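Thanks for coming. I have one structure to go through today, and I will keep to what can be computed from its atoms.

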Amino acid sequence: MDNFLTIKEAVNKYIAGCEAKIRTSPAKLVLKAVLAGMMIALGAAGSSVASHNTAATGPARLLTGVVFPVGLMMVILTGAELFTGDCLMIMGTASKKHKPAQLFRVLALVYIGNFIGSLLVAWAVSASGQWDYSGGLLGAYTIKIALGKVTISMGKAVVSGILCNILVCAAVIMAMCAKDIAGKLLAAFFLIFLFVVSGYEHCVANMYYIAAGLFAKMNPAYVQAATEQYGYAANALEGLNAVNFLIRNLLPVTVGNIVGGMACLGLPLWYTNRD
C-alpha cells in the first residue's frame with residue numbers, strides 16, 4: 001500500500017481537496033480552467049494530425065486514442081481545472097463540505113475558462129497553417145469531425161456524454177490513487193484511450209473540435225478538399241454553424257457529462273466509501 005491509496009483514501013482525499021477549489025478566487029479559477037482547456041485542445045489537435053489520413057475508422061480512432069490522453073495527463077500533473085473532472089466535486093457536496101451553490105459556481109467558472117482556452121487553441125492552430133498538411137486534407141478532416149459532432153441527435157449526444165465522463169472521472173480518481181507520476185499517467189492514459197476509441201462525447205474536447213471546424217470552414221480550400229474527399233453535397237456544410245455547435249452538441253453533451261460524472265460515478269463512489 002506504500003505506492004498507492006485505496007479507493008476510499010482517494011475519495012476522502014478528493015473530498016478534502018474540494019475546499020481549496022471553493023476558496024480559490026474567481027480569477028485564479030478561470031485562469032486554471034483556461035490552461036486546462038488549452039491542454040485538452042492541444043491533445044485534440046495533435047490527435048487529428050495523427051489520424052487525418054487514415055481512412056478506416058478503427059485504426060483512425062486507435063491513433064486518436066494514443067495521442068489525445070496527453071491533454072488530461074497535462075491537466076492532472078499541472079493542477080489545472082477541467083470541468084468534466086470537477087463534476088466529482090459532487091462527492092464533497094454530498095458530504096456537506098460545501099453548498100450546492102458553491103459547487104455550481106466553481107463548475108460555471110471552470111466551464112467558461114475551459115471554453116476560452118479551447119477557442120484560443122482553435123484560433124492558434126488555424127493561424128499556424130497546420131491544417132495545410134497533406135495538401136489541406138487535415139483542414140478537410142477538421143471540418144469532417146466538427147460536422148459529424150453537430151449532426152448527431154441530441155439524445156445520442158447525452159448518452160455518449162454520460163459514458164464519456166464515467167471514464168474521465170474514473171481516470172481522475174484512479175490517478176489520485178497513484179502516488180508516483182508513472183502511476184498517475186498510466187491511469188489517465190488507458191481510460192482516456194478507451195473513451196476516445198469508443199467515440200464518446202466530451203464537452204471540453206468538443207469546444208475545440210467544433211470551433212476548429214468552424215475556423216476551417218472559413219477557408220475555401222479546406223471546404224473544397226472536404227467536398228472532394230468526403231463527397232459532401234453542396235449544402236451539407238450548412239449544418240456546421242454556431243447554433244448547432246452550442247445547442248445540438250455542446251448543451252446535450254454537457255448534460256450527459258454532468259450526469260455521468262455526478263450521478264453515475266461521483267455519488268456511487270461517495271456512498272460506497274463513506275464511513
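I will begin with a surface feature. Helix α13, residues 242-273, supplies 6 residues to a nonpolar patch, the largest share of it. The patch consists of M154, V243, L246, I247, L251, V255 and V259, and it sits on the surface with about 550 Å² of accessible area together. One of its members, V255, lies in helix α13. V255 has a relative accessibility of 38%, so it counts as partly exposed. I should say now that this is a predicted model, with local features taken only where pLDDT is at least 70.

Now the chain as a whole. How many helices and strands does the protein chain have? There are 13 helices and 0 strands. Read along the sequence, the pattern is therefore one α after another, α-α-α-α-α-α-α-α-α-α-α-α-α. The radius of gyration is 19 Å, and the globule rule gives 19 Å for 275 residues, so the chain is as compact as a globular protein of that length. The C-alpha trace spans about 60 × 35 × 30 Å along its principal axes.

Of the 275 residues, 52% are buried. The accessible surface comes to about 12000 Å², and carbon and sulfur atoms hold 68% of that. On contacts, take those with a separation of 6 or more: 87% of them are between residues 24 or more positions apart.

Next, a residue from the interior. A226 is found in helix α12, residues 220-230. Its relative accessible area is 0%, so A226 is buried. Which residues does A226 touch, leaving aside neighbours within four places in sequence? They are A140, I143, G231 and Y232. For a sense of distance, the C-alpha atoms of A226 and F83 are separated by 32 Å, with the two positions 143 residues apart along the chain.

F83 brings me to the aromatic rings. The whole structure contains 9 aromatic pairs. In one of them, F83 meets Y111 edge-to-face, with 4.9 Å centre to centre and 80° between the planes. F83 is in helix α5, residues 83-86, and Y111 is in helix α7, residues 100-128, so this pair ties together parts 28 residues apart in sequence. Are these two residues buried or exposed? F83 counts as buried because its relative accessibility is 4%. Y111 is buried as well, at 19%, and the cut-off for buried is under 20%.

Another pair is F189 with F190. Their ring centres are 5.1 Å apart and their planes are at 85°, so this pair is also edge-to-face. F189 has a relative accessible area of 18%, so F189 is buried. Ring pairs link F189 and F190 with F193 into a cluster.

Last topic, charges. Side chains of opposite charge can pair when their charged atoms come close. The structure holds 6 salt bridges. One joins the side chains of K8 and D275, at 2.7 Å from N to O. K8 is in helix α1, residues 7-23, and D275 is in the segment after α13, so the bridge links parts of the chain that are 267 residues apart. What is the accessibility of each partner? K8 is partly exposed, with a relative accessible area of 34%. D275 counts as exposed because its relative accessibility is 85%.

A second bridge joins K21 and E81, whose closest N and O atoms are 2.8 Å apart. K21 lies in helix α1, while E81 is in the loop between α4 (70-78) and α5, so the pair ties together parts 60 residues apart in sequence. K21 is buried at 15% relative accessible area, and E81 counts as buried at 5%.

A third bridge is between E201 and K149, at 3.3 Å from N to O. E201 is in the loop between α10 (181-198) and α11 (203-217), and K149 is in helix α8, residues 133-150, so here the parts tied together are 52 residues apart in sequence. Both E201 and K149 are buried. Some bridges share partners: K21, K32, E81 and D86 are joined this way into one network.

That is the last item on my list.

How values were computed
Residues are numbered from 1 along each chain as its sequence is written. Side-chain values use heavy atoms; hydrogens and water are left out. Patches are made of residues with over 30% relative accessible area and no salt bridge: like charges are joined within 9 Å, nonpolar side chains (Val, Leu, Ile, Met, Phe, Trp, Tyr) within 5 Å. Accessible areas come from the Shrake-Rupley method with a 1.4 Å probe; for residues, only the protein chains shown count as cover. A salt bridge is a side-chain nitrogen of Lys or Arg within 4 Å of a carboxyl oxygen of Asp or Glu. Helices (H or I, at least four residues) and strands (E, at least two) are DSSP runs, numbered from the N terminus. Buried means under 20% relative accessible area, exposed over 50%, partly exposed in between (1.4 Å probe, protein chains only). Contact means heavy atoms within 4.5 Å. Rings of Phe, Tyr and Trp (its six-membered ring) pair if their centres lie within 6.5 Å; planes under 30 degrees apart count as stacked, over 60 as edge-to-face and the rest as tilted. The radius of gyration is taken over C-alpha atoms; the globule rule is 2.2 Å times the number of residues to the power 0.38.
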